[in-house]
Amino acid sequence: MEASVKGAAGQMTERPDNVPADRVFDFDIYRDVPEGLDFHQSWREIMRQAPHPLMWTPHNGGHWVALRSDLAETVMSDFERFSNHTVLVPKETAGEAYRLIPLSLDPPEHRPFRSLLNENLGPKPLRPIEQVVTDLAVSLIEGFRPKGRCNFTHEFAEQLPVRIFMRIVDLPVEDLPKLKHLADQYTRPDGSIPLDDVTKQFREYLRPVIEARRIKPGEDMISRMINGEVGGRPLTDIEAENICIQVLVGGLDTVVNMLGFTFSHLAKDHALRRAIAADPSLIDDALLEFFRRFPVVSSAREVLRDQEFEGVLLKAGDMVMAPTVVVAMDDARNEDPLEFRLGRKARQHSTFGKGSHTCPGAHLARMEMKVVLREWFARIPEFRIEDDAPLRYSNGIVGSVKPFVLEWPV
Ligand code: HEM
């Protein structure tokens, strides 16, 4: 193993004294999933092969990874031991760049900022948006339906949730490619922009928007958040920028990938697809199972003080990754967890997180997914992966299926 090169992705960090040798494994969250395995299968394999449920990897600055459901949930939610101050690895690069609001704040500081999000993303403020989601879904589907094929990722999954989101925050659709590219750098960096610059470019983009909406607020989510109050005072400029970046990043990547996993699965699971096509009332239960079966987010926490945890000594400042997939894929939580099963009795997952940072966008995500399934099955009930091409998967802070093509009879 090479000498310590702290925080550099792709380089190894030397094993510190508090890490026993049998806790070390070769795991890089930014490495593609091996060919032939899918994203969730590969996590199951990692969980199965690891000699301990808490392991340490020398990649990405060196960090722990929780590989059992109870450990992952404790790390996600016990803010007195595991702080949100840093949530991404490597700590010194991505972690430093991603000190956003409210994800990087612990309670009680976190609460007033979180209220600003809840006020804007609950069922009531989003009710008028459902029709917009429906209209856009129908127009996108009708656009490619007569052709009998589409690149599902580029022509649909990357279009619908992000266009809806741009509408909610009232930003021009033309800016989407730039914002999406920036947002992706946090979760699956491709090296095209140094991480410091990602946050800087987001700030430069948002500053004039925030200035204008402070003077003349609109009805959009950015106007409402930045003109709200935290603890009886207005937000500072930096706070306003940080909360806007966080919302853009949260809203631009996750539903896209959830759609990718859902539709690539539907295209291969003929019995499930035909059951839903024959009885669309199954969509509600299928949705619950899609969210259980396909968790995508793997964030981390920073250890607050030296402590014993699962038989090892964690040192203050250590990073512990708590992948949400570990909860759903644990046999102790779900029988045959890899199996997609309608009507499961007890579904357990943390796909939207656990504790005070549980996703505020979950209602929007569920509504979008439901509308999409309803409108898609009404128009394209039968479809499959073109030429049965093998699928490839990326790991990362948000896991994804690489772009794929669907085809159907016309
Ligand atoms: C299927 C879609 C989605 C999934 C699976 C998902 C998952 C998650 C998870 C696991 C967390 C917690 C992260 C942690 O504790 O470290 C989270 C937080 C967050 N999500 Fe989502 N999310 C989704 C959609 C959205 C959408 C559409 C938005 C925006 C409108 C959004 C905005 C946020 C924000 C702002 C946070 C930080 C909350 C806080 O710190 O209190 N998410 N999400």
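Five strands of this predicted model form an open sheet, and they follow one another in the order S1-S2-S10-S7-S3, with mixed pairing. S1 and S3 stand at the edges with a single partner strand each, so one side of each is left without a neighbour in the sheet. Strands of a sheet pair through backbone hydrogen bonds, and the pairing can be either parallel or antiparallel.

A walk across the sheet can begin at the S1 edge. Strand S1, residues 54-57, pairs with S2 in the antiparallel sense over four bridges, and the two strands form a hairpin with five residues between them. In the turn of this hairpin, Asn 60 has a positive phi of about 55°. Within the pair, Trp 56 has Trp 64 of S2 as its bridge partner.

Strand S2 covers residues 63-66, and its side chains point in two directions: His 63 and Val 65 go one way, while Trp 64 and Ala 66 go the other way, and all of these residues are buried. Beyond S2 comes strand S10, residues 319-323, which runs parallel to S2 and is joined to S2 by two bridges. Here Trp 64 appears again, since its bridge partner in S10 is Val 320. Trp 64 therefore has a bridge partner in S2's neighbour S10 as well as being the partner of Trp 56, while S2 itself is part of the sheet order S1-S2-S10-S7-S3.At the other end of the sheet, strand S3 is joined to strand S7, residues 298-303, by two bridges, and these strands run antiparallel. Phe 82 stands opposite Val 303 in S7.

The loops hold some backbone features that deserve a separate look. Most residues other than glycine have a negative phi, and most peptide bonds are trans. Against that background, the peptide bond from Val 89 to Pro 90 is cis, with omega near -10°, and Pro 90 is placed in the loop between strand S3 (82-83) and helix H3 (91-97). A cis peptide bond also joins Ile 101 and Pro 102, where omega is about 10°, and Pro 102 is found in the loop between H3 and helix H4 (110-121).

Two aspartates show a positive phi. Asp 170, which is not a glycine, has a phi of about 55°, and its place is the loop between helix H8 (160-169) and helix H9 (176-187). Asp 170 counts as partly exposed because its relative accessible area is 46%. For Asp 388, phi is near 50°, again a positive value in a residue other than glycine, and this residue lies in the loop between strand S11 (384-385) and strand S12 (393-394). With a relative accessible area of 55%, Asp 388 is exposed.

Stepping back to the whole chain, the secondary structure of the protein comes to 16 helices and 14 strands. A compact globule with 410 residues would have a radius of gyration near 22 Å, and the 21 Å of this protein agrees with that. The C-alpha trace spans about 65 × 55 × 40 Å along its principal axes, and buried residues make up 56% of the 410 residues. Among contacts between residues at least 6 apart in sequence, 70% join residues at least 24 apart.

The accessible surface comes to about 17200 Å², and carbon and sulfur atoms account for 52% of that area. The protein has 51 positive and 62 negative side chains, and the centres of these two sets lie 3 Å apart.

Note on methods. Residues numbered from 1 in each chain as written. Predicted model: local features only at pLDDT ≥ 70, side-chain atom pairs only at ≥ 80, totals over all residues. Heavy atoms only, no water. Rg over C-alpha atoms; globule rule 2.2 N^0.38 Å. Buried < 20%, exposed > 50% of the residue type's maximum accessible area, 1.4 Å probe, protein only. Contact = heavy atoms within 4.5 Å. Areas by Shrake-Rupley, 256 points an atom, 1.4 Å probe, with all protein chains shown as cover. Lys, Arg positive; Asp, Glu negative; His and termini not counted. Charge placed at Lys NZ, Arg CZ, Asp CG, Glu CD. Pairing = 2+ DSSP bridges.
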